[in-house]
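User: Hi! I'm new to looking at structures and I'd like to know where the labels come from. Could you walk me through one?

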Amino acid sequence: MFSGMSSDEPSPAALPEPVEDVHGDGRWMSQHTRFVQECKDAEPDVLFVGDSMIQLMRHHDIWRELFSPLHALNFGIGGDTTCNVLWRLQNGELDNIKPKVVVLWVGTNNHQHSAEQVAEGVLAVARLLTSRLPRAKVIIMGLLPRGERPNPLREKNAAVNALLRARLPRPGPVLLLDAGAGLLAPDGSLSQRDMFDYLHLTAAGYAAVSKPLSDLLLQILEETPEERRAPPV
Amino acid sequence: MSAGDSNPAATPTPCEDIQGDGRWMSLHNRFVSDSKDKEPDVLFVGDSLVQLMHQFGVWRELFSPLHALNFGIGGDATQHVLWRLSNGELDNISPKVVVLWVGTNNHGHSAEQICGGLLAIVQVIKNKLPNARILVLGILPRGKLPNPLRERNTQVNHLVAEAVSSLPHASFFSVDPGFVHCNGDCCFCNVTVH
């Protein structure tokens with residue numbers, strides 16, 4: 001389904017891996033366990049999964065205003081790479097739920113991997129999602145620019161987006177939404193008004209990015225026929 | 001307790017740009033620039049717990065009205081804050097109060113070392129701002145269940161509370177959630193700043 005694999009070996013960014021508890025307070029596993037538990041109880045129509053870009057959405061007004069009403073779950077963990085998200089989804093975070101849409105935002109923390117490897121990692125997550133949820137659509141959020149001024153990580157993130165754009169079949173169940181262009185000033189700088197540390201979004205930054213995402217979600221949900229669910233036992 | 005080269009938590013150290021987008025230095029430069037332009041009465045400095053305060057309504061409601069500046073950087077440990085304050089972030093300002101909240105990211109350091117780091121920061125602030133009152137906030141518990149980092153953080157708080165008790169210009173202030181959430185009978189509104 002996905003064209004353009006450049007080698008027979010899987011990308012290291014496509015290998016599932018939990019986060020090692022190096023600090024000693026087990027927080028990553030606590031969060032994963034909580035998400036698995038949420039899958040037992042909730043019936044989300046939309047699943048948000050990824051790194052801090054997803055996680056921190058929950059703390060801003062846009063979550064309550066735009067996404068909560070769609071019956072959404074938020075499975076974001078700050079610092080996660082594609083490997084970590086892959087591991088979580090394979091180890092319980094997709095059990096018992098049938099969301100109509102999955103919003104995937106991950107890749108900016110894959111510091112050990114090249115743009116090519118990161119793109120393959122993101123596509124591997126998308127493949128897992130479409131195989132486990134054959135009727136769902138997947139929205140891949142393009143990686144945002146980072147750093148106050150142009151720098152190698154900006155180029156890398158842009159390259160990942162370009163590779164995703166090239167490799168995703170159109171039409172298809174997986175869509176790419178790149179909301180980053182509006183954040184750059186004419187001189188290429190990022191403003192602290194949108195990204196307080198030139199990586200994470202402020203409330204204003206989230207509002208800007210969430211509008212196109214919300215529009216797309218509503219469009220998809222309107223088009224998706226209601227599935228009959230067996231009544232809970 | 002002296003802050004010598006033997007204590008990494010008390011040795012001013014900038015953050016290395018391992019990732020490649022220079023964000024830490026961008027933030028430090030912005031803070032130095034803020035110090036040139038602004039006249040805060042209160043300066044908040046520390047790690048992500050300080051930085052993220054700025055992103056929520058509580059900042060606008062409680063701290064902005066006090067003419068406060070926020071010099072928090074996520075991930076910072078005591079040695080990073082020490083470097084920042086020694087390299088321009090305290091220049092040209094005379095806040096009446098400095099709120100210091102850092103220490104939870106000092107991974108690999110002992111409670112004694114972290115305490116030493118905090119005291120070194122208090123000393124730098126006193127040297128540059130002799131008339132400022134310094135509030136050292138207690139490090140919060142972390143992790144869902146009891147774990148070694150909680151013990152370490154608690155120990156740091158004990159050591160710091162004791163060490164600053166004899167300093168006229170500094171106070172230890174616990175903001176443990178159990179403290180903050182009790183009904184109206186707590187918080188910053190009851191603290192008078194002289």
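Analyst: Sure. Let's begin where the two chains meet: 18 residues from chain B and 20 residues from chain A take part in the contact. Keep in mind that this is a predicted model.

User: What makes a residue part of that contact between chain B and chain A?

Analyst: It's a distance rule: contact means heavy atoms within 4.5 Å. By that rule, chain B puts in 18 residues and chain A 20 residues.

User: How much area is buried between the chains, and what share do carbon and sulfur atoms give?

Analyst: About 1700 Å² is buried between chain B and chain A, and carbon and sulfur atoms give 53% of that. On the chain B side, Arg23(B), Arg30(B) and Gln55(B) lose the most area to chain A, together 30% of what that side buries.

User: Why is the pair Asp21(B) and Arg146(A) called a salt bridge?

Analyst: The cut-off is a side-chain nitrogen of Lys or Arg within 4 Å of a carboxyl oxygen of Asp or Glu. For Asp21(B) and Arg146(A), the closest N and O atoms are 2.6 Å apart, so the pair passes the 4 Å test. Between chain B and chain A the count is 3 salt bridges, while over all chains it comes to 21.

User: What makes Asp45(A) and Lys100(A) a salt bridge too?

Analyst: Their N to O distance is 3.9 Å, so it still falls within 4 Å. Asp45(A) sits in the loop between helix H1 (27–41) and strand E1 (46–50) of chain A, and Lys100(A) in the loop between H4 and strand E3 (101–105) of chain A, so the pair ties together parts that are 55 residues apart in sequence.

User: On to helices. Why are H4(A) and H5(A) called roughly parallel?

Analyst: Check the angle. The axes of H4 (residues 82–90) and H5 (residues 115–132) of chain A cross at roughly 15° and come within 9 Å. Angles under 35 degrees count as roughly parallel, so that's the name H4(A) and H5(A) get. Their crossing is left-handed. On the H4(A) side the contact includes Val85(A), Leu86(A) and Leu89(A), and on the H5(A) side it includes Val118(A), Val122(A) and Leu128(A). By class, this contact has 9 nonpolar, 3 polar and 1 charged residues.

User: How do you know that H4(B) and H5(B) are roughly parallel to each other?

Analyst: Use the angle again. Helix H4 (residues 78–86) and helix H5 (residues 111–128) of chain B pack at about 10°, with their axes 9 Å apart. That angle is under 35 degrees, and H4(B) and H5(B) are therefore roughly parallel. Among the residues that meet are Val81(B), Leu82(B) and Leu85(B) in H4(B) and Ile114(B), Leu118(B) and Ile121(B) in H5(B). The contact of H4(B) with H5(B) divides into 9 nonpolar, 3 polar and 1 charged.

User: Why is H5(B) called oblique to H6(B)?

Analyst: H5(B) and helix H6 (residues 148–164) of chain B pack at about 45°, with axes 9 Å apart. Roughly parallel needs an angle under 35 degrees, and roughly perpendicular needs 65 to 115. About 45° fits neither, and that makes H5(B) oblique to H6(B). H5(B) passes H6(B) in a right-handed crossing. Cys115(B) and Leu119(B) are among the H5(B) residues there, and Leu159(B) and Val160(B) among those of H6(B). By class, you get 10 nonpolar, 1 polar and 2 charged residues.

User: Where is Pro171(A), and what kind of peptide bond joins Arg170(A) to it?

Analyst: Pro171(A) is in the loop between helix H6 (152–167) and strand E5 (174–177) of chain A. The bond joining Arg170(A) and Pro171(A) is cis, with omega about 0°.

User: Which phi value does His67(B) have?

Analyst: His67(B) has a positive phi of about 60°, although it is not a glycine. You'll find His67(B) in the loop between helix H3 (57–63) and strand E2 (68–72) of chain B. Asn92(B) isn't a glycine either, and its phi is positive at about 70°.

Definitions and conventions: Residues numbered from 1 in each chain as written. Chains lettered and ligands numbered in written order. Predicted model: local features only at pLDDT ≥ 70, side-chain atom pairs only at ≥ 80, totals over all residues. Heavy atoms only, no water. Axes fitted to C-alpha atoms, helices over the stretch in contact; angles between N-to-C directions. Helix = DSSP H or I, 4+ residues; strand = E, 2+ residues; numbered from the N terminus. Parallel < 35°, antiparallel > 145°, perpendicular 65-115°, else oblique. Left-handed = near helix turned anticlockwise from the far one by under 90°. Nonpolar A, V, L, I, M, F, W, Y, C, P; charged D, E, K, R; others polar. Buried area = accessible area lost by both parts, 1.4 Å probe.
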